[in-house]
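Visitor: I would like a close look at one part of this model, the place where its helices pack against one another. Please go through it slowly and in order.

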Amino acid sequence: MNARADTIAAVASAPGAGGVGVLRVSGDRAAAIAKAMLGRPPRARHAHYAAFRAADGGVIDRGLLLWFPAPRSYTGEDVLELQAHGSPVVLRVLLARLVELGARHARAGEFSERAFLNGRIDLAQAEAVADLIASGSEAAARAAQRSLDGEFSARVHALAERVVRLRVWIEAAIDFPEEEIDFLAAPELATEVDATHADLLALLRAARRGVRLADGLHVVIVGRPNVGKSSLLNALAASERAIVTDVAGTTRDVLRETIDLDGVALTLVDTAGLREAADVVEREGIRRARGELERADLAVLVSDDEHARLDADLLRAVPPRAARIVVHNKIDLAGARARREEHDGVVHLWLSALSREGLDALVAELRRHAGAEEGDAGAFSARARHVAALERTRTHFDAALAALAEHNAGELAAEDLRRAHDALGEITGEVSADDLLGEIFSSFCIGK
Ligand code: GDP
Ligand code: ZN
């Protein structure tokens with residue numbers, strides 16, 4: 001703890017005026033600062049009503065002073081919290097006073113970073129703090145709370161323990177080379193390998209869902225001009241829970257609209273915007289359109305053709321990993337009925353953006369893809385970083401299995417399992433590069 005003995009201070013409440021404003025101090029000098037602000041030593045975890053005074057004795061504000069001595073505090077260090085009136089001026093003056101008394105301004109996320117470095121929370125929990133603060137829906141907030149409580153971390157740890165047990169078993173077998181061992185012939189090992197693999201896949205699925213819950217599903221509506229993409233977006237936006245927003249800074253109308261349909265982000269991309277173009281403005285439009293498509297989890301391919309001959313250019317632009325729904329719009333013109341069919345695993349919907357007939361089926365389909373129907377029971381928040389680490393874990397685990405199954409190569413398998421274990425350690429921060437930590441904590445807000 002002494003390596004980080006310098007004492008940090010920040011306003012922890014949101015910027016702007018509010019009923020109450022909170023300042024937070026953490027570090028070795030917090031005790032002396034607390035004593036100076038209260039006029040006597042504070043009692044631990046007790047709400048003192050105090051006059052916060054300037055150096056000349058004048059009262060800056062009156063409010064509550066709370067004292068959390070190490071290690072039972074958010075950061076694990078001595079922590080002082082002041083609750084004052086939520087005026088930006090009062091808070092600025094109080095912060096300056098804390099700095100005068102020996103603290104320095106905290107960087108973004110520095111309190112949470114110290115909590116992590118002092119072992120109060122692991123990295124996934126620290127990220128959950130930021131995700132909870134940023135959560136845009138109740139479901140996302142509940143999920144972040146579960147991650148903060150350590151539910152995600154506990155599952156990562158349980159999986160890491162299984163991987164270590166396998167490695168220990170294999171290494172022990174290598175150390176007794178009296179006879180040629182057939183690793184996978186040992187029934188307990190084969191069973192454990194299967195169970196660990198199943199655990200890993202389940203956790204990967206849960207983490208993917210956690211990312212979707214936190215970020216929303218990125219749906220891109222694509223199709224040739226005039227097939228009715230904008231009409232469809234507007235029809236969806238008009239449904240009860242949608243909010244229409246403008247994405248600023250786009251040069252073409254194609255990407256101007258995004259709606260939030262119950263946590264599902266919908267963006268509009270015109271295929272016209274994907275064609276090769278000569279002028280700079282249009283090239284920029286193309287770049288943005290392709291960028292949207294690359295990030296898509298789901299592409300809604302719209303046509304106004306009964307038989308939906310989809311443009312080959314259009315299909316090529318949809319990334320292979322993205323799911324697809326084909327919408328046959330304008331059934332009112334053809335006098336057709338709304339219907340749903342599945343061909344080769346792709347859902348086709350016949351509807352009318354104008355009359356709204358069949359629109360419910362599309363909303364249901366979008367909600368299904370977003371995981372809304374599963375509810376959020378037991379879901380925890382996760383980040384793309386966690387999914388990537390779990391995917392690397394799977395790659396190494398599969399390599400270990402192949403080493404055993406195809407070459408009976410225990411040493412190679414043990415090495416692959418060690419890599420799988422390291423990849424899991426990146427999630428909780430047991431194995432982490434400094435630049436990764438810097439990147440994660442700098443995205444926090446000041447005072448967190
Ligand atoms: P976009 O270029 O793909 O965005 O297409 P628009 O949404 O701008 O629609 C092009 C034209 O088709 C407009 O005149 C719409 O009113 C019309 N349109 C869109 N959807 C329907 C529909 O379901 N039925 C009918 N009859 N017309 C539609
Ligand atoms: Zn349009």
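Guide: What follows goes through two helix pairs, with a few words on the chain around them.

This is a predicted model, in which local features need pLDDT of at least 70, side-chain atom pairs count only at pLDDT 80 or more, and totals for chains, interfaces and linings use all residues. Residues are numbered from 1 along each chain as its sequence is written, and chains are lettered from A and ligands numbered from 1 in the order in which they are written.

The protein chain has 15 helices and 14 strands; helices (H or I, at least four residues) and strands (E, at least two) are DSSP runs, numbered from the N terminus. Of its 448 residues, 40% count as buried, that is, with 20 or more other C-beta atoms within 10 Å of their own, where 12 or fewer means exposed, anything in between partly exposed, and C-beta atoms are placed from the backbone.

Take helix 6 (residues 151-174) and helix 7 (residues 187-215) to begin with. The axes of helix 6 and helix 7 come within 10 Å and cross at roughly 155°; axes are lines fitted to C-alpha atoms, for helices over the stretch in contact, and angles run from 0 to 180 degrees between N-to-C directions. Helix 6 and helix 7 are therefore roughly antiparallel (over 145 degrees; under 35 is roughly parallel, 65 to 115 roughly perpendicular, the rest oblique). On the helix 6 side, Arg155, Leu159, Arg162, Val163, Leu166 and Trp169 meet Leu189, Glu192, Val193, Thr196, Asp199, Leu200 and Leu203 of helix 7, contact being C-beta atoms, placed from the backbone, within 7 Å. By class, this contact has 8 nonpolar, 1 polar and 4 charged residues; Ala, Val, Leu, Ile, Met, Phe, Trp, Tyr, Cys and Pro count as nonpolar, Asp, Glu, Lys and Arg as charged, and the others, Gly among them, as polar.

Arg165 also lies in helix 6. Arg165 is partly exposed, because 14 other C-beta atoms lie within 10 Å. Its C-alpha atom is separated by 9.9 Å from that of Leu417, 252 residues apart along the chain.

Helix 7 has a second partner, helix 5 (residues 138-148), and the two axes come within 8 Å and cross at roughly 135°. Helix 5 and helix 7 are therefore oblique to each other. Here Ala139, Ala140 and Ala143 in helix 5 meet Gly210, Leu213 and Ala214 in helix 7. That contact has 5 nonpolar, 1 polar and no charged residues.

Key:
Two residues are in contact if their C-beta atoms, placed from the backbone, lie within 7 Å.
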